[in-house]
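Reader: I should like to go through the terms used for this model one by one. Please set each against its criterion.

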Amino acid sequence: MKQKIEKLLADQLSSWELAKNNYAALSQVKVKELDVNGTRYKVQFNPARIVSSAAKVDTKSIQERKCFLCPANLPTAQRGLPFKDNYQILVNPFPIFPKHLTVPALEHTAQRIKERFADMLDLAARAEDYIVFYNGPKCGASAPDHVHFQAGNKGFLPIEQEWKYKKASNIVTYKTATLLYLNDAPRTTLVMEASNREDATALFNIVYHAMELKPGEDEPMMNILAWVENERWISCIFPRAKHRPSCYTAEGDANILISPASVDMGGVFITPLEKDFEKLTAADITSILGEVCLDTEEFHKLRQRIKEQL
């Protein structure tokens, strides 16, 4: 799989003008680092990501546009690589990572994780040089009507290393899978380590059912990162309280166009507007995470509910 993905990337960047230009532009993106309560965050100014950050994901807007992840609607130049029987691996033409993939299902069905977490683990195992991520339908997914994962090359997200030094306490263990949480407030992070796919899936289901399902929603709000390290799956689960922070719709100088998703939760905040990149501070990130993540009390209650599920 590794060689096939590399070939797909090389072929697409040589033959697809849009992807070629946007990947070339990555070398020009501005990056700065901020310390948020002892946790490292990067901020990336990436104008091409305006497509995702400003995406209209209300029901009316979704219904009025063609689904850009359906095979029939893909750009003529875009090519895919089959994954399992019901997905294809695509090069994301609006990259954040130097190597950025989108992995949609072949069928047009809503973005839901409950029955697909095992597929996410399989993808992480097959695409071993990548971190796989899932954005919930109201947690940063710009195509909430079509189930998909994304993947980016390892070594990019600060949380890949930081989670090892931010462990607060174990919550539960299920066979070979252990769930813990991090001391990284105001972000609320659950981390699962597992050497067995079935155990990891079973423990994820326990977490899933312990999470709050808001009225009118089809699944609990969350972002997920997953990768394989030392023959173990590492999964970071970020339970969410809110889709977008108040600064997203604020007027004037208070406006910051940030719609946090898995990459932001993993420690890289994406700003498609240069004004936001220049002014974003550690205090802003603290405020944004404080809004979109669970508060201390709710995070504690969630951990208690998880314990009670076993």
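Author: The exchange below concerns a predicted model and takes up its sheet, a helix, its nonpolar cores and its cavities.

Reader: What makes S1 and S2 paired strands?

Author: Two strands pair if there are at least two bridges between them. S1 and strand S2 (residues 39-45) are joined over seven bridges in the antiparallel sense, so the criterion of at least two is met. Among the partners, Lys 30 is bridged to Phe 45 in S2, Glu 33 to Lys 42, and Val 36 stands opposite Thr 39. The hairpin of S1 and S2 has two residues between the strands, and Asn 37 takes a positive phi near 55° there.

Reader: How do you know in which sense S2 and S13 pair, and over how many bridges?

Author: S2 and S13 run parallel and are joined by four bridges. In S13, Thr 271 is the bridge partner of Phe 45. Phe 45 is also the partner of Lys 30.

Reader: Why is the pairing of the three-stranded sheet called mixed, and why are S1 and S13 placed at the edges?

Author: The open sheet has the order S1-S2-S13. S1 and S2 pair in the antiparallel sense, whereas S2 and S13 run parallel; the pairing is accordingly mixed. Strand S1 (30-36) and strand S13 (268-271) each have a single partner strand, so one side of each lacks a neighbour in the sheet. On average, neighbouring strands are turned by 25° against each other, direction ignored. Helix H10 (residues 282-292) lies across S1, S2 and S13 and runs at about 70° to S1.

Reader: What makes S2 mostly covered?

Author: A residue is buried when its relative accessible area is under 20%. Six of the seven residues of S2 are buried, and the strand is therefore mostly covered.

Reader: Why is helix H5 described as largely enclosed?

Author: The cut-off of under 20% applies here too. Eight of the ten residues of H5 (residues 117-126) are buried, so the rest of the structure largely encloses this helix. The buried residues are Phe 117, Ala 118, Asp 119, Met 120, Leu 121, Asp 122, Leu 123 and Ala 124.

Reader: What marks out Ile 306 in the largest nonpolar core?

Author: Ile 306 is one of the residues that touch the most other members of this core of 55 residues, together with Ile 89, Ile 113 and Leu 190. Helix H7 (residues 197-210) gives the largest share of the core, seven residues. Not counting residues up to four places away in sequence, Ile 306 touches Ile 171, Val 172, Leu 179, Leu 190, Ile 206, Val 207 and Ala 210. Apart from this core lies another, of 36 residues, including Ile 131, Leu 182, Val 263 and Ile 270.

Reader: How many cavities are counted, and what makes a residue part of the lining of the largest cavity?

Author: Three cavities of 30 Å³ or more are counted, and the largest holds about 110 Å³ of space. A lining residue has an atom within 4 Å of a cavity point. Among the residues lining the largest cavity are Met 211, Glu 212, Lys 214, Arg 240 and Arg 305. Helix H11 (residues 296-309) supplies the largest share of this lining, three residues.

How values were computed
Residues are numbered from 1 along each chain as its sequence is written. This is a predicted model: local features need pLDDT of at least 70, side-chain atom pairs count only at pLDDT 80 or more; totals for chains, interfaces and linings use all residues. Side-chain values use heavy atoms; hydrogens and water are left out. Buried means under 20% relative accessible area, exposed over 50%, partly exposed in between (1.4 Å probe, protein chains only). A nonpolar core is a set of buried Ala, Val, Leu, Ile, Met, Phe, Trp, Tyr and Cys residues joined through side-chain atoms within 4.5 Å. Contact means heavy atoms within 4.5 Å. Axes are lines fitted to C-alpha atoms, for helices over the stretch in contact, and angles run from 0 to 180 degrees between N-to-C directions. On a 1 Å grid over the protein atoms alone, a cavity is a set of points where a 1.4 Å probe fits but cannot get out, and a pocket is an open set with protein on both sides within 12 Å along at least five of seven lines; lining residues have an atom within 4 Å of a point. Grid points are joined across faces, edges and corners, and a volume is the space filled by probe spheres set on the points.
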